[in-house]
Amino acid sequence: RNDEYGGEINNRMRLLKEVLEAVIDVWGADHVGVRLSPENRFNSMSDSHPQATFNAVATMLSNFSLAYLHVLEGDMLNGDSYLDYAQIRQAFNGVYMANNGYDFERATDAIKNNQAQLVAFGQLYIANPDLAERFARGAPLNAPDASTFYGGDAAGYTDYPFME
């Protein structure tokens, strides 16, 4: 794009900033979170300079006192990750939620080492509707069935077994 929403990083952040201002005006910043997917190539998304772009986005988001910043750390399709997410985390002065391939141990370490305040578990929660209880008990986990993700029906989303 060559208009006020394209080109330089500040212009490319403009739409996010304007949407946030409008949403926060209605709901208040403490009820608004933002999810970023810096390396997610789903639907051919990409950025020519993702580290610089998302460092700048995180810095800009720090001005809003958001409830949280939720970051998909890597590509959700293949798990590849090339960015330094510590830089993005350091650029944001609020609650940072990490996501993408975390298990109990990795999440515990991330929180203990101040790499995140929160961790999201997408696929593990789909496969384990009682995930928090399983984590608390150290119980085995159901394996997610990726063939049922984003399907046309509820198969896989509604039939994973609960713990005995």
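Select Y85 first: in this predicted model, Y85 is buried, since its relative accessible area is 8% and the cut-off for burial is under 20%. The residue belongs to helix α4, which spans residues 85-91. To display the surroundings of Y85, add P38, E39, V71, L72, E73, G74 and Y96, the residues it touches once those up to four places away in sequence are set aside. Then select Q51 and draw the C-alpha to C-alpha distance to Y85: the separation is 8.5 Å in space, against 34 residues in sequence.

Turn next to the sheet. Four strands form an open sheet in the order β1-β2-β3-β4, and their pairing is parallel. Colour β1 (33-36) and β4 (118-120) as the edge strands, each of which pairs on one side only. From one strand to the next, the twist averages 20°.

Within the sheet, select strand β3, residues 96-99, which runs parallel to β4 and is joined to it by three bridges. For one residue pair, select A98 and its bridge partner V119 in β4.

The final stop is R134, located in helix α7 (residues 131-137). Is R134 buried or exposed? R134 counts as buried, because its relative accessibility is 5%, and burial requires a value under 20%. Show the side chains of R134 and N128 together: a polar contact of 3.3 Å joins them. Beyond the neighbours within four places in sequence, R134 is in contact with N128, A139, P140, L141, N142, P161, F162 and M163; selecting this set displays the surroundings of R134.

Definitions and conventions
Residues numbered from 1 in each chain as written. Predicted model: local features only at pLDDT ≥ 70, side-chain atom pairs only at ≥ 80, totals over all residues. Heavy atoms only, no water. Helix = DSSP H or I, 4+ residues; strand = E, 2+ residues; numbered from the N terminus. Buried < 20%, exposed > 50% of the residue type's maximum accessible area, 1.4 Å probe, protein only. Contact = heavy atoms within 4.5 Å. Polar contact = N/O pair within 3.5 Å; in protein donor to acceptor, adjacent residues only side chain to side chain. Pairing = 2+ DSSP bridges. Axes fitted to C-alpha atoms, helices over the stretch in contact; angles between N-to-C directions.
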